[in-house]
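Work through the following exercises with the sequence and the coordinates open beside you. Each task is followed by a solution that proceeds step by step.

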Amino acid sequence: MTTDGAGSGPTAIIERRDLQALFDVLLQRGYRVVGPTRRDEAIVYDDIAVIDQLPAGWTDEQEGGRYRLKRREDAALFGYAVGPHSWKKFLHAPIQQLWRARREGDKTTVEHEPPRPERFALVGVRACELHAIAIQDKVFLNGEHADPHYRARRNDAFIVSVNCGKAGGTCFCVSMNTGPKVAGGFDLNLTELLDGGQHRFLIEAGSDAGREVLDQLPKRPATSQDAKAADAVIAATASSMGRSMKSDDVHQLLLRNLDHVRWNNVAERCLACSNCTMVCPTCFCTSVEEASDLTGTESSRSRRWDSCFTMDYSYVHGGSVRSTTRSRYRQWMTHKLSTWHDQFGTSGCVGCGRCITWCPVGIDITEEVAAIRSSEPH
Amino acid sequence: MPAQKPRLAVWKFASCDGCQLTLLDCEDHLLAVAGAVDVAYFPEATRGEISGRYDVSLVEGSITTTHDAARIQDVRARSNILVTIGACATAGGIQALRNFANVKEYISIVYARPDYISTLATSTPIAAHVKVDYELRGCPIDKRQLIELISALLAGRKPVTPAHSVCLQCKLKGNVCVMVAHGKPCLGPVTHAGCGALCPSYDRGCYGCFGPKETPNTVSLSRQMAHLGMDEKNIKRVFSTFNVNAEEFRAERQRHDS
Ligand code: SF4
Ligand code: SF4
Ligand code: SF4
Ligand code: SF4
């Protein structure tokens, strides 16, 4: 698990042709390596073993409700923004068994599902995603009700982060102070450098585990030239955000406007399909489901991702509290941007843009905030 | 377990038999089903006479004749729990297209001896005639949902057949959205879950076999499908399939009826 704060320590350069060594070392150390790969015309996160499985030379174009892969003019390995998946699919499994019960004669035994530790190496984690993981850590690892299943998957995770070399069309991490520069929470951090026809990576360690792995990699010391090139990459990304949102006062802005007509307007477009919550890297809600078999001898309980956009989500005796789409969209947006602060002390949004891109009708959280803001006297 | 096995009946009205066959298609589970319930009436699979009461009746098909309109009353009277299975029973099925046309004209075109045909002008769901306790959506129904329903009824609990969108299931599977990434129209956002996002998993838009989900916003989805290049005629057509007679799909179809 990552320990340090910001990556300090010396930086090094690893050549593109040597980067497979990173995968080899991680696999040798018993990690399950997962990272970006091209599938079904998108860049998804999946198990990868060799560097050739990274989407070399591909990028994405993103807009509200639209995502397309495009060829790049170079062979960058990380030359795209975040896609439809987030790391929560590994750390906070979509479906998690909780317990099973068995009846034999008059006796019933209940067996809790044991946490199943998994050593993930997450390769290609972006700055906004590190913040999202930190937010889910807060939700799942703190307090009396820490989640043993999340912990078992999170504890030994090794994180290889990447400073973004390209902002997506729906990105707004700069507005949310979460990127594009990685600032801690990693074991190793990469910046992909392509200037001067030399394909290489600036690499730094952020933890003891990271330093151990780095020691095993072929590398040379980074020059001030390399460091400058890396700064330029990050600055270029920061200045090309696809979206922006004034976030310092959004917490109160929304709470002041709970009866705004804009909620009616967005409800008229919103499908209440739940895609935004499913793709959001910080949304953590689940529903609990019971199962029993035909013979009446076994039953079990599991949980699965749920969303505040479903009617069941707010079902209490007699009906759903949030029966209108207006109230459900408002729940989602005020939770992300307002009440998350009250609940967890941070924003629930890291500005990754997924909810905008993967909304089938392109509803844009930054646009909704702007619409409400513009109706207030300055 | 009850001392006596619950009696189960499977009834057929206007339908293709596909949903009943789903029960026979339950392979591994079939013996367990047979062990747990007494399949007392199921013409597709067993001989057995209609007699007495049934604990659970699975009803397939829609009502299209006066004879069937009377028969469903008898089925209801004999059943403790009545479950409709499939789009015909829950919405009227594809044959409900007749509700928008002149049935007499159809008959004269299709049959050599129209005078032999006795039929109603409409195809209506079972719930339009009698009280329905549970429904299983789909064309055809999903066998996991059928097993879940029978298991739940045996245990005396509520079946887990959530009414949210197909999108939610799509996302649980990690599918890439065909609408957003491939520009293909998809009815998933307005369609009731249950199939496990079958079509989007094979790179096709959802056809809406499971009918409208809870609170569907068909107007907004149609607008987006038009934006993706679908013309009025085809928007009307995608809402004119197995669930054409379901209230929200029927209304959306009519909106594009120019
Ligand atoms: S609310 Fe949207 S932009 Fe913010 S973190 Fe979630 S998916 Fe990303
Ligand atoms: S926005 Fe909705 S789904 Fe996401 S964490 Fe909040 S309540 Fe849960
Ligand atoms: S905002 Fe978009 S993705 Fe979210 S529920 Fe509404 S239509 Fe679906
Ligand atoms: S492919 Fe269809 S069902 Fe799946 S998320 Fe996209 S719109 Fe929803």
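The exercises below concern a predicted model, and they go from whole chains to salt bridges and then to a ligand site.

**Exercise 1. Describe the fold content of chain A and decide how its radius of gyration compares with the globule rule.**

Solution. Begin with the secondary structure, which in chain A amounts to 13 helices and 16 strands. Next, take the radius of gyration of chain A, 22 Å, and set it beside the 21 Å that the globule rule gives for 378 residues; the two values are close, so chain A is as compact as a globular protein of that length. Then consider the extent along the principal axes, where the C-alpha atoms of chain A fill a box of roughly 65 × 65 × 35 Å. Finally, turn to burial and contacts: 57% of the 378 residues in chain A are buried, and of the contacts between residues at least 6 apart in sequence, 71% join residues at least 24 apart.

**Exercise 2. Repeat the analysis for chain B, and state what share of its exposed area carbon and sulfur atoms supply.**

Solution. Chain B contains 12 helices and 5 strands. Its radius of gyration is 19 Å, close to the 18 Å that the globule rule gives for 258 residues, so chain B too is as compact as a globular protein of its length. The C-alpha trace of chain B spans about 60 × 50 × 25 Å along its principal axes, and buried residues account for 52% of the 258 residues. For the surface, chain B exposes about 11700 Å², and carbon and sulfur atoms supply 55% of this area.

**Exercise 3. Examine the salt bridge between Glu290(A) and Arg301(A), and explain which parts of chain A the pair ties together.**

Solution. The first step is the distance, since the side chains of Glu290(A) and Arg301(A) meet in a salt bridge at 2.8 Å, N to O. The second step is to place both partners: Glu290(A) lies in strand E13 (residues 286–292) and Arg301(A) in strand E14 (residues 298–305), so the pair ties together parts that are 11 residues apart in sequence. The third step is accessibility, and at 30% relative accessibility Glu290(A) counts as partly exposed, while Arg301(A), with a relative accessible area of 30%, is partly exposed as well.

**Exercise 4. For the salt bridge of Lys131(B) with Asp133(B), determine how far apart the closest N and O atoms are, and then classify the accessibility of each partner.**

Solution. The closest N and O atoms of Lys131(B) and Asp133(B) are 2.8 Å apart. At 57% relative accessibility, Lys131(B) lies over the 50% limit and therefore counts as exposed, whereas Asp133(B), with a relative accessible area of 25%, is partly exposed. Salt bridges can also share partners, as in the network that joins Glu15(A), Asp195(A), Arg200(A), Arg220(A) and Asp226(A). Over all chains, the whole structure holds 44 salt bridges.

**Exercise 5. Locate ligand 4 and characterise the residues of its shell.**

Solution. Start with the position: ligand 4 lies between chains A and B. The surrounding residues include Asn275(A) and, from chain B, among others, Cys167(B), Cys170(B), Cys177(B) and Cys186(B). Sorting the shell by element shows that helix H7 (residues 166–172) of chain B contributes the largest share, 4 residues. Sorting the shell by residue character then gives 8 nonpolar, 2 polar and 1 charged.

Technical notes
Residues numbered from 1 in each chain as written. Chains lettered and ligands numbered in written order. Predicted model: local features only at pLDDT ≥ 70, side-chain atom pairs only at ≥ 80, totals over all residues. Heavy atoms only, no water. Near = heavy atom within 4 Å. Helix = DSSP H or I, 4+ residues; strand = E, 2+ residues; numbered from the N terminus. Nonpolar A, V, L, I, M, F, W, Y, C, P; charged D, E, K, R; others polar. Rg over C-alpha atoms; globule rule 2.2 N^0.38 Å. Buried < 20%, exposed > 50% of the residue type's maximum accessible area, 1.4 Å probe, protein only. Contact = heavy atoms within 4.5 Å. Salt bridge = Lys/Arg side-chain N within 4 Å of Asp/Glu carboxyl O. Areas by Shrake-Rupley, 256 points an atom, 1.4 Å probe, with all protein chains shown as cover.
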